[in-house]
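Got the viewer open? Here's a short tour, one selection at a time.

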Amino acid sequence: MPPLSWKVNEIFYSIQGEGAHAGMPAVFLRLAGCSMGCDFCDTKYAFSGGKEMNGLQILVALSEYPSKTVVITGGEPAEQNLPGLISALKSAGHIVHLETNGAHDSDVSQADFVCVSPKKYVSKEMLKKADIIKLVVSQTTDLEDLKKYYNYENEKTTIYLQPESNKQENIDLCVKLVKEHPSARLSVQLHKLINVR
Ligand code: SF4
């Protein structure tokens, strides 16, 4: 049987710009492929292609960096063998953070931190597994629909509202919403403000 492999768009070392760990250095492991097709997607370059890499090749690439924290992102990581990837990284001593749109119910029990960012549809099971639910907010967001995610807020799960593309009108809207719902948090895309990847 051939070894497990994944289509990888890029691996790079940067600063986490979003959510609960904004400001934290981490290695980003961006998997290729996402079938969701959001208009505002800022990683369209990762929709297809990717370099086929097995677990050993990925671990060797990650070993170049001083941080043991790996953020698995995409594309949509759950469109590949996500449990196998998390397991391989954990076996090598990595701290595994996951960014997923939550559309596919996946076994993410080994991950240290799970961020679910719902888009056109999301698995309710995945929402229950989230440490944070990150909601991208724009002028066209259905604010009534947004409220249903507050049902998943609990001691484990925090809601983050993220202004789409850091546009000022979207920031203003998120600030208003967070002030109205004080247990939610604001997530601006810090990496774009500080001009890093
Ligand atoms: S789910 Fe995420 S990666 Fe996929 S198209 Fe939408 S924004 Fe892009």
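Before the first stop, a bit of vocabulary: a pocket is an open set of grid points with protein on both sides within 12 Å along at least five of seven lines, and a molecule sits in one if more than half of its atoms lie within 2 Å of its grid points. Keep in mind that what you're looking at is a predicted model.

Now click on the ligand: its place is the largest pocket. Next, select what surrounds the ligand: Cys34, Met36, Gly37, Cys38, Cys41, Thr43, Phe47, Gly75, Asn101 and Lys119. Colour that shell by class and you get five nonpolar residues, four polar ones and one charged.

Zoom out and show the whole protein as a cartoon. You'll find six helices and nine strands. The radius of gyration is 16 Å, close to the 16 Å that the globule rule gives for 197 residues, so the protein is as compact as a globular protein of that length. Turn the C-alpha trace along its principal axes, and it spans about 50 × 35 × 30 Å. Of the 197 residues, 49% are buried.

Last stop: how many cavities of 30 Å³ or more does a search of the whole structure find? One, holding about 50 Å³ of space. To see its walls, select Gln16, Glu18, Gly19, Ala20, His21, His97, Glu99, Phe113, Cys115, Ile132 and Lys134. Then highlight β5 (95–100), β6 (113–116) and β7 (132–137), each of which gives at least two residues to this lining. By class, the lining of this largest cavity has four nonpolar, four polar and three charged residues.

Note on methods. Residues are numbered from 1 along each chain as its sequence is written. This is a predicted model: local features need pLDDT of at least 70, side-chain atom pairs count only at pLDDT 80 or more; totals for chains, interfaces and linings use all residues. Side-chain values use heavy atoms; hydrogens and water are left out. A residue is near a molecule or strand if one of its heavy atoms lies within 4 Å of it. On a 1 Å grid over the protein atoms alone, a cavity is a set of points where a 1.4 Å probe fits but cannot get out, and a pocket is an open set with protein on both sides within 12 Å along at least five of seven lines; lining residues have an atom within 4 Å of a point. Ala, Val, Leu, Ile, Met, Phe, Trp, Tyr, Cys and Pro count as nonpolar, Asp, Glu, Lys and Arg as charged, and the others, Gly among them, as polar. Grid points are joined across faces, edges and corners, and a volume is the space filled by probe spheres set on the points. Helices (H or I, at least four residues) and strands (E, at least two) are DSSP runs, numbered from the N terminus. The radius of gyration is taken over C-alpha atoms; the globule rule is 2.2 Å times the number of residues to the power 0.38. Buried means under 20% relative accessible area, exposed over 50%, partly exposed in between (1.4 Å probe, protein chains only).
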